Amino acid sequence: MNITLSLIKADIGGYVGHSESHPDVLAQARDSLKKAKTEGLLVDFYVTKCGDDLQLIMTHKRGVDNKDIHELAWNTFISGTELAKKLKLYGAGQDLLSDAFSGNVKGMGPGLAEMEIEERPSEPVIIFMADKTSSGAWNLPLYKMFADPFNTIGLVIAPNMHNGFSFEVHDVKEHTKVKFNTPEEIYDLLIFIGAPSRYAVKAVYSRDTGEIAAVSSTQRLSLIAGRYVGKDDPVCIVRAQGIFPAVGEILEPFTHPTLVEGWMRGSHHGPLMPVSVADSTPSRFDGPPRVIALGFQLAQGILVGPRDMLADKSFDNARHQANLAADYMRSHGPFEPHRLPLEEMEYTTMPQIMKKLEGRFEPLED
Ligand code: F6R
Ligand code: MG
Ligand code: MG
């Protein structure tokens with residue numbers, strides 16, 4: 001049976017500031033998706049949040065890029081925005097960049113990751129959601145899960161994974177895509193995905209069967225809008241077990257809090273801290289960036305779960321390390337590499353300062 005898993009998310013208002021989502025907005029979104037389930041549009045749904053982002057996890061039988069599913073998500077965000085405005089939540093409707101729905105939420109502000117799958121006899125999936133960071137944040141974890149034998153021992157000793165995976169990489173600036181086969185092309189792959197502000201892993205496929213293993217959101221809000229409108233706060237769906245990495249191999253990359261772009265004013269590097277859903281409340285310097293992971297078993301499209309996978313004690317050291325890294329990075333204040341390079345910052349005063357200093361720059365003598 002073919003099932004589509006659609007995860008569509010948006011920041012439609014923060015509580016307080018950009019640190020958290022309001023429970024009433026979540027409750028209203030649940031009502032909206034419940035109605036769609038009763039009417040038969042959805043097979044099942046789960047509504048959650050990561051920091052100030054509202055996350056709509058939906059299963060259905062209509063395939064990816066379906067107009068009715070996207071419209072349901074859009075309308076849920078619109079009514080959520082109305083409530084957010086009533087509560088005077090911060091930045092109400094901030095990710096909705098268009099006034100009218102035109103058939104697909106792509107390019108309209110919300111982030112999305114969707115995959116259509118033939119459900120296996122048992123189908124464990126892990127849904128990752130991040131706040132205060134951008135879409136390239138999944139590059140390093142996805143590389144570790146699907147191409148690094150020091151992370152995923154299954155690549156070495158499991159016969160059904162030994163042929164490796166292929167990575168679809170998007171150039172988010174030029175709007176092009178390219179596929180790499182691993183393990184033989186890892187050096188070529190890394191030259192691109194090691195530059196996550198420009199190249200993002202969109203999807204991963206099993207080379208043996210061609211089946212989709214993972215899909216991420218690659219929308220860059222700042223590039224869509226051409227101005228600062230908030231960080232992407234990306235999401236990613238990963239299938240587990242069997243021909244795919246085990247749940248523990250999928251979570252293992254998050255024992256290392258990698259440095260990602262985002263944090264305060266979307267203009268800093270900081271550690272990606274693995275947390276429970278309850279702890280996705282970025283408060284210290286609007287961060288540090290957070291990642292949560294919900295695990296489900298799919299049963300004819302029913303979302304059995306979730307389990308809050310990163311709440312586990314075994315991520316305590318990663319959280320501690322992330323806090324130490326946060327202190328260290330913060331000690332650089334407004335200096336790079338804590339602050340992002342000039343062209344990557346989401347906020348800048350450079351044009352107005354250059355204008356003020358007009359005529360003060362003199363040529364060097366030599
Ligand atoms: C980062 C983020 C926050 C805001 C910051 C300033 O993604 O959302 O760090 O950039 O709180 O917010 P404004 O400019 O809305 O006052
Ligand atoms: Mg926000
Ligand atoms: Mg956010």
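The following paragraphs go through a predicted model, from the whole chain to its strands, its metal sites and two single residues.

The chain has 366 residues, arranged with nine helices and 15 strands. Its radius of gyration is 20 Å, which agrees with the value near 21 Å that a compact globule of 366 residues would have. Taken along the principal axes, the C-alpha atoms fill a box of roughly 70 × 50 × 40 Å. Of the residues, 56% count as buried. The accessible surface comes to about 16400 Å², and carbon and sulfur atoms account for 54% of that area. Contacts reach far along the sequence: among those between residues at least 6 apart, 69% join residues at least 24 apart.

A group of paired strands starts at the beginning of the chain. Strand β1 spans residues 2–10, and eight of its nine residues are buried. Strand β1 pairs with two strands described here. With β3 (residues 53–60), the pairing is antiparallel and runs over seven bridges; within it, Ser-6 has Met-58 of β3 as its bridge partner. With β4, which covers residues 111–118, the pairing is also antiparallel and runs over eight bridges. Here Asn-2 is matched with Glu-118 of β4. Strand β4 is mostly covered as well, with six of its eight residues buried. In a regular strand, side chains alternate between the two faces of the sheet.

Two magnesium ions come next. The magnesium ion (ligand 2) is coordinated by Asp-11 (OD), His-18 (ND1) and Asp-52 (OD), at 1.9 to 2.3 Å. Along the chain these donors follow the spacing D-x6-H-x33-D. Within this site, His-18 and Asp-52 link distant parts of the chain: His-18 sits in the loop between β1 and α1 (23–38), Asp-52 in the loop between β2 (44–50) and β3, and the two are 34 residues apart. Their exposure can be read from the relative accessibility. His-18 counts as partly exposed because its value is 24%, whereas Asp-52 counts as buried because its value is 2%; the cut-off for buried is under 20%.

The magnesium ion (ligand 3) has four coordinating residues, namely Asp-52 (OD), Asp-53 (OD), Asp-131 (OD) and Asp-233 (OD), at 2.0 to 2.2 Å. The spacing of its donors along the chain is D-D-x77-D-x101-D. Here too a pair of donors links distant parts of the chain, with Asp-131 in strand β5 (residues 123–131) and Asp-233 in the loop between α6 (221–225) and β10 (235–239), 102 residues apart. Both Asp-131 and Asp-233 are buried. What connects the magnesium ion (ligand 3) and the magnesium ion (ligand 2)? Asp-52 bridges the two ions, which lie 4.6 Å apart.

Ser-21 belongs to the surroundings of these donors. Like His-18, Ser-21 is placed in the loop between β1 and α1. Ser-21 counts as buried because its relative accessibility is 9%. Leaving out residues up to four places away in sequence, Ser-21 touches Tyr-15, Lys-49, Gly-51, Asp-52 and Asp-53. Two of these, Asp-52 and Asp-53, are donors to the magnesium ion (ligand 3). A polar atom of the Ser-21 side chain lies 2.7 Å from the backbone oxygen of Gly-51.

Phe-296 gives a view of another part of the chain. Phe-296 lies in strand β14 (residues 290–299) and counts as buried because its relative accessibility is 3%. Beyond its neighbours within four places in sequence, Phe-296 is in contact with residues from several stretches of the chain, among them Tyr-46 and Ile-57. Other partners include Glu-123, Pro-124, Val-125 and Ile-127, positions that fall within β5, the strand that holds the magnesium donor Asp-131. Further contacts are made with Leu-303, Val-304, Gly-305 and Pro-306. Asp-308 is twelve residues from Phe-296 along the chain, and their C-alpha atoms are separated by 9.4 Å.

Definitions and conventions:
Residues numbered from 1 in each chain as written. Chains lettered and ligands numbered in written order. Predicted model: local features only at pLDDT ≥ 70, side-chain atom pairs only at ≥ 80, totals over all residues. Heavy atoms only, no water. Buried < 20%, exposed > 50% of the residue type's maximum accessible area, 1.4 Å probe, protein only. Helix = DSSP H or I, 4+ residues; strand = E, 2+ residues; numbered from the N terminus. Pairing = 2+ DSSP bridges. Donors = N, O, S within 2.8 Å, 3.2 Å for Na, K, Ca; no water. Rg over C-alpha atoms; globule rule 2.2 N^0.38 Å. Contact = heavy atoms within 4.5 Å. Areas by Shrake-Rupley, 256 points an atom, 1.4 Å probe, with all protein chains shown as cover. Polar contact = N/O pair within 3.5 Å; in protein donor to acceptor, adjacent residues only side chain to side chain.
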